[in-house]
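Please look through the sequence and the model below before reading on. The paragraphs that follow begin with a single side chain and then widen the view step by step.

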Amino acid sequence: MINTNITSVKDFIILGLPGLEPTYYGPVSSLLFFTYFVIFVGNLFILVVVGSESSLHKPTYLIFCHLAINDFLFGTVTLPKIISRYWWNDMITSFGACFTQMYFVHSLGAIHSLILMIMAFDRFIAICIPLRYPVLITNNTISIACGLSWIGTFLRMMAVIFHALTLPYCDSNIIVQCYCDHISITNLACGDDVKFVQAVAVGFAMFSLLLPLAFIIFSYFSIIIVVLKMSNLDGRYKTLSTCTPQIFITCLYYLPRCFVYLAHAIGFSFSLDVRIVLILLYSLFPAAVNPIIYCFKTKDIKDTLVKRLKKTQIGINVKISYK
């Protein structure tokens, strides 16, 4: 155990998975690298496709782009350090770098929730108040809403970080997690204010997660009611299919978190390694899978990709015929 006081804490040690045998460092780091590669390529691919195809310059796909940027940034903020920890045994991160990572981890998580709320609002207006959709939902309104989500969250999260910085860090400097987060860092602080600082942070987190979730549940519940009132079965299917990707993406983000929180609330405890793996799964799996959902569950994007593939195929056939 490495113990330090406030005057000598300059670095933190990222322990990662404490029960992982060194034999498995290679496979685990390779899996994490592959996950980062999928996140990087998948979300960049969505940004390029939407950006380069004028028919996709619509509010719905603009929201997808903001979510893709968020997923890409979250993977970039969290994965390189833990990969280097298992590839090169690079366990040390500076005090400032750890707090910076914590700032972006929690900011991006809160922004993700707000973007999902905007996504639900987009579908709510499109299905429940369709005649008002062209007026209320435009590229400008979505850009403003998403922009405020990014800026407002980054400003709000500064208060949480500066609050944590007021604590003296004089206990262990070992972080039993794969990246720096608020609870892992403040657990290493000492003094009477630790519980208060943690309670304030939890309050911020619950506000960031539960307020958007409440609106998301209301939106999709209202959509289901509208769909069930339709007499035409084909109309029901077509209407519901327009929000299928959004529902999948939202479930991927919220359901695992709700499961972990509820399990903790009813007294079901996980081992430390299992808890860390679950956090990694519900944090990174959606970022890796979302681009696949965009491509295969969104008609316009799927049609665009099919059209481009056909053009590429025709171009190859023309070149071959000239040879």
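Cysteine 146 counts as buried, because its relative accessibility is 0%, and the cut-off for that word is under 20%. This cysteine takes part in no disulfide, since a disulfide here requires two cysteine sulfur atoms within 2.5 Å, whereas the nearest cysteine sulfur to that of cysteine 146, which belongs to cysteine 65, is 9.9 Å away. The model in which these values were computed is a predicted one, and this should be kept in mind through everything that follows.

Cysteine 178 can be read in a similar way. With a relative accessibility of 2%, cysteine 178 counts as buried, and its sulfur lies 11 Å from the closest cysteine sulfur, that of cysteine 180, which is too far for a bond.

Which cysteines, then, form a disulfide? The count by the distance rule comes to 1 disulfide, and the pair consists of cysteine 98 and cysteine 180, whose sulfur atoms are 1.9 Å apart. This pair links distant parts of the chain, for cysteine 98 belongs to helix H3 (residues 95-128) while cysteine 180 sits in the loop between S3 and helix H6 (182-186), and the two are 82 residues apart. In general terms, a disulfide is a covalent bond between the sulfur atoms of two cysteines. Because the torsion about the S-S bond of cysteine 98 and cysteine 180 is about -110°, the disulfide is left-handed. Both ends of the link are buried: cysteine 98 has a relative accessibility of 0%, and cysteine 180 has a relative accessible area of 1%.

From the disulfide we can turn to the strands. An open sheet is formed by 3 strands in the order S2-S1-S3, and its pairing is mixed. S2 and S3 stand at the edges, where each has a single partner strand, so one side of each is left without a neighbour in the sheet. On one flank, strand S1 (residues 11-14) runs antiparallel to strand S2 (residues 92-94), and 3 bridges join them; among the paired positions, aspartate 11 has serine 94 as its bridge partner in S2, and phenylalanine 12 has threonine 93. On the other flank, S1 pairs with strand S3 (residues 174-175) in the parallel sense over 2 bridges, and here isoleucine 14 stands opposite isoleucine 175 in S3.

These strands are set within a chain that has 11 helices and 3 strands, and along the sequence the elements follow the pattern β-α-α-β-α-α-α-β-α-α-α-α-α-α. One of the helices, H2 (residues 59-87), holds serine 84, which is buried because its relative accessible area is 7%. Leaving aside residues up to four places away in sequence, serine 84 touches Asn89 and Asp90. Asparagine 89 is found in the loop between H2 and S2, and its phi is near 55°, a positive value in a residue other than glycine. As a general rule, most residues other than glycine have a negative phi.

Phenylalanine 72 also belongs to helix H2. Is phenylalanine 72 buried or exposed, or does it fall in between? Its relative accessibility is 23%, so phenylalanine 72 counts as partly exposed. When residues up to four places away in sequence are set aside, phenylalanine 72 touches Ile39, Phe40 and Asn43. Phenylalanine 72 and leucine 284 are 212 residues apart in sequence, yet their C-alpha atoms are 9.9 Å apart in space.

It remains to consider the chain as a whole. Its C-alpha atoms fill a box of roughly 65 × 55 × 35 Å, taken along the principal axes, and of its 323 residues 44% count as buried. Among the contacts in the chain with a separation of 6 or more, 81% are accounted for by residues 24 or more positions apart. The chain exposes about 17,000 Å², of which carbon and sulfur atoms supply 72%. Finally, the chain carries 22 positive and 14 negative charges, and the mean positions of these two groups are 16 Å apart.

Terms used:
Residues are numbered from 1 along each chain as its sequence is written. This is a predicted model: local features need pLDDT of at least 70, side-chain atom pairs count only at pLDDT 80 or more; totals for chains, interfaces and linings use all residues. Side-chain values use heavy atoms; hydrogens and water are left out. Two strands pair if DSSP finds at least two bridges between them. Helices (H or I, at least four residues) and strands (E, at least two) are DSSP runs, numbered from the N terminus. Buried means under 20% relative accessible area, exposed over 50%, partly exposed in between (1.4 Å probe, protein chains only). Contact means heavy atoms within 4.5 Å. Accessible areas come from the Shrake-Rupley method with a 1.4 Å probe; for residues, only the protein chains shown count as cover. Lys and Arg count as positive and Asp and Glu as negative; His and the chain ends are not counted. The place of a charge is taken as NZ of Lys, CZ of Arg, CG of Asp or CD of Glu.
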